Amino acid sequence: MNLFLAGLDHTTAPVEIREQLAFSQTDLPSALMQLTNPDHGAAPLFTEAVILSTCNRVEIYGVASPGTTAQHVVDFLATFHRRPADAFVHTLYFYQGEAVARHLCATAAGLRSLVLGEAQIQGQVRTAYESAQRIGSVGSILHRLFQIALVAGKRVRHETTIGKGAASVSQAGVELAKRRLGDLRGREVLLIGGGEVSELAAQNLIANGADRLTIVNRTSARAAALAERYGAEMLDFGALPEALARADIVISSTAAPVPIIYRHHVVEAIERKQRARACGDCDPPAMLLIDLAVPRDIAADVAHVPGVHLFTVDDLREVVSHTIELRSAVIEIAQKIVEEQVQEFLDWLRTQEALPVLTMLRQRAEEVRNEELARALRRLQDLSPEQRAVIEGLSRSIVNKLLHPPTRCLREAAALGHGKRYATILAELFNLDHVGERATSMAGKAEPS
């Protein structure tokens, strides 16, 4: 087993690079299949793989095949996203083995997030795992790892107060708007997007006094439902220019692969604002745009439009930096919980060392049982079906009782880290290497040519 992680996040790569390597939901099937089942008969990079792609990170978790290196994963990212490797390779981090489990558990707990303790990351980890599971790229090891990581996230949120306060990107975005503009009452606020980030933003806007909220989304039904829940106005996506011309604050968080707001959209909106004020010589009206999407919803050059203040998720650091200090007292507790979950995974992983030998031991015992049972039944041909069933049951019971002590002993030894040594001894005592070779040979002969 070779757990492997390659990734980048808000601490190593700016949004300009993260958006280039982001995987959309439509990308995932192709990407995971290329990682675990490449074309042209080449060996796969991973036997199992999960991709976690959020606004703050892009990470590939996998069980690496023999010979897979970090460079192979760099090449995959460069080829898949059609980007030169030297444009992003310096932002990547790589982990192996135990460090992978520790990183994922900490990530699910919100300890690796821009907003410390954010709740959304746990759902994002679950979604990444379930997506890979549907695609068929999850095996027993990543299944166990992600289940334990999700438990780590749940425990940290239930057993500590790390999630209290500004615990989401949406809330941090609203806090940024308050810091820049002060009272939100009477401000025209435009929310673009109908997902969880937009809903959290709506909740926080209303909680902070915003009372003039408009929601625009490509899917009208979702926008309408969101608008109804929060007393907002809903506009069709085609009305976005009109909505921009009215807005003082824009918070955007769609899953669009390319920007949906370009410089000319904002210039036109500013001009319409000025015409509405009947003051052509006045300074341009201020407009605050907060882009919470990765890839970005708002083109970067919008920031150069006079009167416009554009912020991305990376600009939220000034808002959330103090949360680390405020929550430092519970970080240590959270890290202890993470470590407990990591150790649970490692204990389980060690027990897996015993499985091949236990399987061969059971196979060897069944061979002996079947041979001796057949020999005995040939000598007892006058037995009734009921009597034969009793004898067969007796043979199974004897085998199970004999195998139970060594099985238990080997599992316990494996849990303590001695699995390989005990497995080797057991294999030698019962000549199990020969059994394994015979099973492999038979399996090879059974395969179609």
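1. Enclosed space. In this predicted model, a search of the whole structure turns up one cavity of 30 Å³ or more, and the space inside the largest cavity comes to about 30 Å³. Its lining is made by E188, V189, L190, T214, A243, R246 and A247, and the elements that contribute two or more residues to that lining are the strand β5 (189-192) and the helix α10 (240-246). Sorted by character, the lining residues of the largest cavity comprise four that are nonpolar, one that is polar and two that are charged.

2. An open pocket. The second largest pocket has a volume of about 230 Å³, and 13 residues line this pocket, with A365, V368, R369, V399 and L402 lying nearest its centre. Two helices, α14 (355-379) and α15 (385-415), each provide at least two residues of the lining, and of the contributing elements α14 gives the most, with seven residues. The lining of the second largest pocket divides into nine nonpolar residues, one polar residue and three charged residues.

3. The helices beside that pocket. A reader who has located the pocket may next look at how its two helices are arranged, for α14 and α15 pack against each other at an angle of about 155°, their axes being 10 Å apart. Because an angle over 145° counts as roughly antiparallel, α14 is described as roughly antiparallel to α15. The crossing in which α14 passes α15 is right-handed. On the α14 side the contact is made by L355, V357, L358, L361, R362, A365, E366, R369, L373 and L377, while α15 brings R388, I391, E392, S395, R396, V399, N400, L403, T407, L410 and R411. Taken together, the residues of this contact of α14 with α15 are divided into 11 nonpolar, three polar and seven charged. It is worth noting that A365, R369 and V399, which take part in this contact, are also among the residues nearest the centre of the second largest pocket.

4. A second helix pair. How do α8 and α9 lie relative to each other, roughly parallel or roughly antiparallel? The axes of helix α8 (residues 196-207) and helix α9 (residues 220-230) come within 11 Å and cross at roughly 20°. Since angles under 35° count as roughly parallel, α8 is roughly parallel to α9. The crossing of α8 and α9 is right-handed. The residues that make the contact are S198, E199, A202, Q203 and I206 from α8, together with L226, R229 and Y230 from α9, and the residues of this contact of α8 with α9 divide into four nonpolar, two polar and two charged.

5. Two backbone details. Most residues other than glycine have a negative phi, and most peptide bonds are trans. Against that background, two places in the chain deserve a careful look. The peptide bond that joins V294 and P295 is cis, with omega at about 0°, and P295 is found in the loop between β9 (287-291) and β10 (308-312). R82, although it is not a glycine, has a positive phi of about 55°, and R82 is placed in the loop between α3 (70-81) and β4 (93-96).

Methods:
Residues numbered from 1 in each chain as written. Predicted model: local features only at pLDDT ≥ 70, side-chain atom pairs only at ≥ 80, totals over all residues. Heavy atoms only, no water. 1 Å grid on protein atoms, 1.4 Å probe; cavity = no way out; pocket = protein on both sides within 12 Å on 5 of 7 lines; lining within 4 Å. Points joined across faces, edges and corners; volume = space filled by probe spheres on them. Helix = DSSP H or I, 4+ residues; strand = E, 2+ residues; numbered from the N terminus. Nonpolar A, V, L, I, M, F, W, Y, C, P; charged D, E, K, R; others polar. Axes fitted to C-alpha atoms, helices over the stretch in contact; angles between N-to-C directions. Parallel < 35°, antiparallel > 145°, perpendicular 65-115°, else oblique. Left-handed = near helix turned anticlockwise from the far one by under 90°. Contact = heavy atoms within 4.5 Å.
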